[in-house]
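Q: I am new to this structure and would like a close look at one part of it: the way its helices and the loops beside them fit together. Please walk me through it slowly, with the residues that matter for the picture.

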Amino acid sequence: MTSILNTVSSILASRVSSVDRVGTLSLRNSVSIEFTRRRSVWSTSESESSGRRFVVRAAETDTDKVKSQTPDKAPATGGGSSINQLLGIKGAAQETNKWKIRLQLTKPVTWPPLVWGVVCGAAASGNFHWTPEDVAKSILCMMMSGPCLTGYTQTINDWYDREIDAINEPYRPIPSGAISEQEVITQVWVLLLGGLGIAGVLDVWAGHTTPTLFYLALGGSLLSYIYSAPPLKLKQNGWVGNFALGASYISLPWWAGQALFGTLTPDVVVLTLLYSIAGLGIAIVNDFKSVEGDRAMGLQSLPVAFGTEAAKWICVGAIDVTQLSVAGYLLASGKPYYALALLALIIPQIVFQFKYFLKDPVKYDVKYQASAQPFLVLGIFVTALASSH
């Protein structure tokens, strides 16, 4: 036995400091386990008793060469969170109730920015009053922008992203088979027609001779379609796709809220489109977690096109430079107090960018968005109030 162990140890010793070697360990049941390592150190040591033993120390792994593995089910403790499932975010519990799955597809977590956009537009109009009628109008406009048209956008996006999600998030409702193709298509049409119908009702209620809200809803729906669907599929281009997404989340709901209670003016259109550049930056934040799937499907998101490091700075630059430009515009327009208020809201965003996002945009994306984006949202509202005066 001692001679056998000595032979083993001499063989192992000859493999000290092997570099970039790939080995395959074949098992008797014909299953092979492939492993990659940059450096492995094998060492032998004398045991305190008779004989020898060998020690295998963990290898240092070159993460750039190792392909990450996507889980087959939601990576959450205890089967996933039912709250995450209802909100349509990662870590969701696996659900069989069709209505909960339908709600998950609409991603309610994405509704608040649209709802807030309507609030900003109403504030910018200068004609909103806290009367039951105006409150009812605004709530209906929020339903159009959030649950209906954003729900339509998210559902159609998931449908055309089903192949990418099969790589990045195979446990989502469509790639996992939790909901059928016909059920998805029915949901798309119900939400689209519901949103357009509400827009028409609001035009009549507001006394519009030109159906402004209907045109905005129709244009936004078309933009959502060409963003996700071939042949245009705007999301294939990181710049165009993310700007379109930013405009959908900031400009369109603002325009709807302002058109409902007032008049949509050219200067407001320009100002909100400028803010959509900040929306481009916000959209990039969500691209980092999908790099593997985007690359596999040929989508040129900015993290894929420029690499993670450069894309991080493009993201924060788009967000910060846009807001600083808006603050400069407000100052030049004779509204220094609003400009100073906006500057005060930009500072904590920069702090959280360095604290979370620039360190690791994937690991800290949720913390960054939860801590920094409320200040961005408040800044948009400050700009809306400035526009009303």
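## Helices and the loops beside them

A: Helix H15 passes helix H16 in a left-handed crossing. Before going further, please keep in mind that this is a predicted model. Two packed helices are described by the angle between their axes and the distance between the axes. For H15, which covers residues 336-357, and H16, which covers residues 365-387, the axes come within 9 Å and cross at roughly 165°. Angles over 145 degrees count as roughly antiparallel, and H15 and H16 are therefore roughly antiparallel to each other.

A residue on H16 helps you find your way around this pair. Phenylalanine 375 lies in helix H16. If you look for proline 348, you will find its C-alpha 7.4 Å from that of phenylalanine 375, although 27 residues separate the two in sequence. Buried or exposed, or something in between? Phenylalanine 375 has a relative accessibility of 26%, so it counts as partly exposed.

Now look at the surface around H15. Leu324, Tyr337, Leu340 and Leu343 make a nonpolar surface patch of about 450 Å². Helix H15 gives the largest share of this patch, with 3 residues. Leucine 324 sits in another helix, H14, which spans residues 308-332. With a relative accessibility of 45%, leucine 324 counts as partly exposed.

While you are at H14, have a look at its charged side chains too. Side chains of opposite charge can pair when their charged atoms come close. In H14, glutamate 309 and lysine 312 meet in a salt bridge, at 3.2 Å from N to O. These two residues are 3 apart, about one turn of the helix. Lysine 312 has a relative accessible area of 6%, so it is buried.

Next, let us move to another pair of helices. H8 (residues 181-206) and H9 (residues 212-228) pack at an angle of about 160°, and their axes are 7 Å apart. That angle makes H8 roughly antiparallel to H9. The crossing of H8 and H9 is right-handed, whereas that of H15 and H16 is left-handed.

Follow the chain onward from H9 and you come to the loop between H9 and H10, where several details gather. Proline 231 is found in this loop, and a cis peptide bond, with omega about 10°, joins it to proline 230. Lysine 233 has its place in the loop between H9 and H10 as well. Although lysine 233 is not a glycine, it has a positive phi of about 40°. Its relative accessible area is 12%, so lysine 233 is buried.

Which residue does lysine 235 pair with? Lysine 235 forms a salt bridge with aspartate 161, and their closest N and O atoms are 2.5 Å apart. This pair links distant parts of the chain, 74 residues apart: lysine 235 is in the loop between H9 and H10 (238-261), and aspartate 161 is in the loop between H5 and H6. Lysine 235 counts as buried because its relative accessibility is 14%, and aspartate 161 counts as buried because its value is 9%.

From there, one more charged pair deserves a visit. Aspartate 158 forms a salt bridge with arginine 172, with 2.7 Å between the closest N and O atoms. Here too the pair links distant parts of the chain, 14 residues apart: aspartate 158 belongs to helix H5 (residues 132-160), and arginine 172 to the loop between H6 (162-168) and H7 (173-176). Aspartate 158 is buried, at 3% relative accessible area, and arginine 172 is buried as well, at 5% relative accessibility.

Aspartate 158 and arginine 172 also belong to a wider group: Lys107, Asp158 and Arg172 are linked in a network of salt bridges. Where is lysine 107 placed? Lysine 107 is in the loop between H3 (98-106) and H4 (111-125). It is not a glycine, yet lysine 107 has a positive phi of about 50°. At 16% relative accessibility, lysine 107 counts as buried. To round off the charged pairs, the structure holds 6 salt bridges.

Note on methods
Residues are numbered from 1 along each chain as its sequence is written. This is a predicted model: local features need pLDDT of at least 70, side-chain atom pairs count only at pLDDT 80 or more; totals for chains, interfaces and linings use all residues. Side-chain values use heavy atoms; hydrogens and water are left out. Patches are made of residues with over 30% relative accessible area and no salt bridge: like charges are joined within 9 Å, nonpolar side chains (Val, Leu, Ile, Met, Phe, Trp, Tyr) within 5 Å. Accessible areas come from the Shrake-Rupley method with a 1.4 Å probe; for residues, only the protein chains shown count as cover. A salt bridge is a side-chain nitrogen of Lys or Arg within 4 Å of a carboxyl oxygen of Asp or Glu. Helices (H or I, at least four residues) and strands (E, at least two) are DSSP runs, numbered from the N terminus. Buried means under 20% relative accessible area, exposed over 50%, partly exposed in between (1.4 Å probe, protein chains only). Axes are lines fitted to C-alpha atoms, for helices over the stretch in contact, and angles run from 0 to 180 degrees between N-to-C directions. Angles under 35 degrees count as roughly parallel, over 145 as roughly antiparallel, 65 to 115 as roughly perpendicular and the rest as oblique. A crossing is left-handed if the near helix is turned anticlockwise from the far one by less than a right angle, and right-handed if clockwise.
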